[in-house]
Amino acid sequence: MPSIADDLLRTLAPQVLGRLVRRYGQFDLAEDATQDALVKAATLWPDEGTPDNPGGWLYTVASHRLVDLIRSEAARRAREEDYAVQAAVAADAADDPASVAPDDDTLDLLFLCCHESLSTSSQIALTLRAVGGLTTAEIASAYLVPESTMAQRISRAKQTIKSAGLRFGELEPAQRRERIDAVARVLYLMFNEGYAATAGGELTRVDLSSEAIRLARRLHGILPGDGEAAGLLSLMLLTDARRPARTTSTGDLVPLDEQDRTLWNRAAIAEGSELLVGALKSSPTGPYLVQAAIAAIHDEAESAESTDWEEVLHLYGLLDHMVSNPMVTLNRAIAVAMVDGPAASLRMLDRLAGDPAIGGHYRLESVRAHVLEMAGDVAAARAAYRAAARATLSLPERRYLERRAARL
Amino acid sequence: MKYLLMMQVDRSVLDALSAEQMDEIGAGHGAFIDAITASGEFILTQALGDPSESAVIRSAGGVPQVHDGPFLEAKEFLGGFYIVDVDSRERALELAQQIPDAKIDGLAIEVRPIMFEKAADI
């Protein structure tokens with residue numbers, strides 16, 4: 001899509017789609033119709049100028065396309081379904097539910113795309129397309145898969161939504177909370193996929209991180225009073241702020257304590273911190289807020305040495321109580337090493353090694369290697385660095401760990 | 001995450017297959033490709049020529065030398081592979097078990113994660 005209209009189109013895309021789904025209920029066809037309207041706009045607008053009411057233009061084009069799609073789908077089917085189709089087409093003439101805010105449509109779309117009945121990769125792909133307004137080709141290239149594979153994945157996801165009969169609707173407060181948490185989880189996975197690609201040659205895939213931030217910003221915009229939505233955006237901003245210092249010009253990984261802090265993105269840190277402070281005052285503290293608070297401590301420290309590790313340790317303790325996740329315990333072990341020394345940390349790591357969820361994971365070996373190095377146990381540290389290097393699926397991580405072993 | 005599913009084959013096992021078994025394996029691969037295409041997990045598959053067609057480049061004193069024949073006279077060799085993009089290692093193992101070779105004694109599928117990739121047109 002041409003860049004002039006790009007941002008506008010991508011902001012309008014989920015609003016148009018959401019309105020169509022609310023009105024016609026046919027997510028799969030409505031999604032196709034919206035993509036067609038986007039392509040049409042991207043072709044026409046640069047020449048003919050952006051219409052006065054771009055959202056209305058898109059909605060009109062998309063709804064006509066949708067009616068066509070519903071008709072042609074119907075033509076392929078048996079006659080007895082005619083009634084349902086006529087009812088759907090008749091809705092075209094009926095009053096538009098304009099009372100529903102575009103924000104609610106976008107949120108309902110996010111709920112649908114991140115629904116638990118879909119696989120993780122489908123959730124992410126569908127969210128990027130239906131809410132993020134990206135084309136299938138763009139999503140495919142972000143994930144380094146052929147376009148046909150991504151197209152099939154999206155089509156399968158839409159089929160799942162259709163056959164499960166998922167639609168927009170009123171939710172109980174507990175259900176709504178669950179859905180918001182599911183959306184946050186998907187966006188955070190998307191962000192991490194971009195930030196530290198688990199497999200691949202380059203440490204950061206800029207596009208996916210930026211897309212995740214864009215969508216998290218949207219989620220926070222829709223739910224300004226939700227502490228976890230604010231925490232998620234804050235965490236992403238505070239983490240992404242360190243990206244310029246995280247790798248060297250040759251793509252090598254630089255650990256936090258060796259990063260050039262003048263390269264950190266101050267604007268992102270300021271925005272993330274402000275979000276964090278605001279949310280901590282007004283909302284109950286959830287896991288994303290706590291993680292954002294930890295990221296803020298690192299970002300606000302002048303140097304690695306002046307980091308307030310006591311506070312980091314306290315926050316990891318809090319997080320450990322909120323979510324039962326060995327990765328959190330692993331991070332807490334790093335803080336323990338900094339506050340109480342390597343011996344206490346190593347005891348924690350030994351206990352973790354027995355947990356099948358994390359035993360043998362390269363992150364555990366990597367943390368153990370660093371703590372052993374701190375303790376002055378050179379031989380054991382070297383062996384742990386090498387074990388971690390063998391287990392990681394990230395090439396930059398492997399290079400970093402091997403160099404760390406060689407340096408001892 | 002992407003996985004390489006390597007079909008390790010054994011010439012003596014292949015030679016002992018009946019015509020029906022060979023047809024079944026061929027049809028099984030077709031059905032497998034259809035299934036993983038439909039699920040959006042299929043990236044690529046390739047079958048390799050016989051190792052007797054191989055040439056091996058090996059350095060002698062820092063100079064590359066071409067040798068005919070396989071690198072090693074192993075009983076098992078790489079017959080072909082699939083590349084799939086899946087949500088988890090468990091799913092990769094599940095898919096590997098659906099490859100028809102997995103049901104023939106003496107053949108094997110090795111499943112290994114892919115760490116780096118670059119493609120001409122993807």
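In chain B of this predicted model, buried residues account for 34% of the 122 residues. The chain carries 3 helices and 6 strands, and reading from the N terminus the elements come in the order β-α-α-β-β-β-β-α-β. Taken along the principal axes, the C-alpha atoms of chain B fit a box of roughly 50 × 40 × 25 Å. As for how the chain folds back on itself, take the contacts in chain B between residues at least 6 apart in sequence: 76% of these join residues at least 24 apart.

The outside of chain B can be described too. About 7300 Å² is exposed, with carbon and sulfur atoms supplying 55% of that area. Charge is unevenly split, with 9 positive side chains set against 21 negative ones in chain B. The centres of these two sets sit 7 Å apart.

One residue of chain B gives a closer look. B:E76 belongs to strand β5, which covers residues 76-85 of chain B. At 39% relative accessibility, B:E76 is partly exposed. Setting aside residues up to four places away in sequence, B:E76 touches B:Q8, B:V9, B:G106 and B:A108. B:I104 is 28 residues away from B:E76 along the chain, and the C-alpha atoms of the two are separated by 14 Å.

Now to charge pairs. Side chains of opposite charge can pair when their charged atoms come close. Over all chains, the structure holds 31 salt bridges. One of the pairs in chain A joins A:R218 to A:D103, with 3.2 Å from N to O. This pair ties together distant parts of the chain: A:R218 sits in helix α10 (residues 206-222) of chain A and A:D103 in helix α5 (residues 102-113), 115 residues apart. A:D103 itself is partly exposed, because its relative accessibility of 28% falls between the 20% and 50% limits.

Helix α5 of chain A also holds A:T106. Is A:T106 buried or exposed? With 0% relative accessibility, A:T106 counts as buried. Leaving out neighbours within four places in sequence, A:T106 has contacts with A:P14, A:Q15, A:V131, A:R218 and A:I222. A:R218 therefore turns up twice, as a contact of A:T106 and as the salt-bridge partner of A:D103, while A:D103 has the 28% relative accessibility noted above.

A second pair brings together A:D240 and A:R243, whose side chains meet in a salt bridge of 2.7 Å from N to O. Why do both partners count as buried? A:D240 has a relative accessible area of 14% and A:R243 has 17%, so each falls under the 20% limit for buried residues.

The salt bridge between A:E258 and A:R407 has its closest N and O atoms 3.6 Å apart. Here too the partners come from distant parts of the chain, 149 residues apart: A:E258 is in the loop between α12 (243-246) and α13 (266-282) of chain A, and A:R407 is in helix α20 (residues 395-407) of chain A. A:E258 is partly exposed, at 40% relative accessible area, whereas A:R407 counts as exposed, at 52%. Salt bridges can also link up into a network, as they do for A:E31, A:D32, A:R129 and A:K158.

Charges also gather without pairing. A:D308, A:E310, A:E311 and A:D340 form a patch of negative charge on the surface. Within this patch, A:E311 is placed in helix α15 (residues 309-322) of chain A. A:E311 has a relative accessible area of 33% and is partly exposed. That value matters for the patch because members need over 30% relative accessible area.

Two more spots in chain A round off the picture. A:L144 has a positive phi of about 50° although it is not a glycine. A:L144 is located in the loop between α7 (136-142) and α8 (147-163) of chain A, and is partly exposed at 28% relative accessibility. A:A375, for its part, lies in helix α18 (residues 362-375) of chain A and is partly exposed, with a relative accessible area of 44%. The C-alpha atoms of A:A375 and A:A343 are 7.4 Å apart, with their positions 32 residues apart along the chain.

Terms used: Residues numbered from 1 in each chain as written. Chains lettered and ligands numbered in written order. Predicted model: local features only at pLDDT ≥ 70, side-chain atom pairs only at ≥ 80, totals over all residues. Heavy atoms only, no water. Patch = residues over 30% accessible without salt bridge, like charges linked within 9 Å, V, L, I, M, F, W, Y side chains within 5 Å. Areas by Shrake-Rupley, 256 points an atom, 1.4 Å probe, with all protein chains shown as cover. Salt bridge = Lys/Arg side-chain N within 4 Å of Asp/Glu carboxyl O. Lys, Arg positive; Asp, Glu negative; His and termini not counted. Charge placed at Lys NZ, Arg CZ, Asp CG, Glu CD. Helix = DSSP H or I, 4+ residues; strand = E, 2+ residues; numbered from the N terminus. Buried < 20%, exposed > 50% of the residue type's maximum accessible area, 1.4 Å probe, protein only. Contact = heavy atoms within 4.5 Å.
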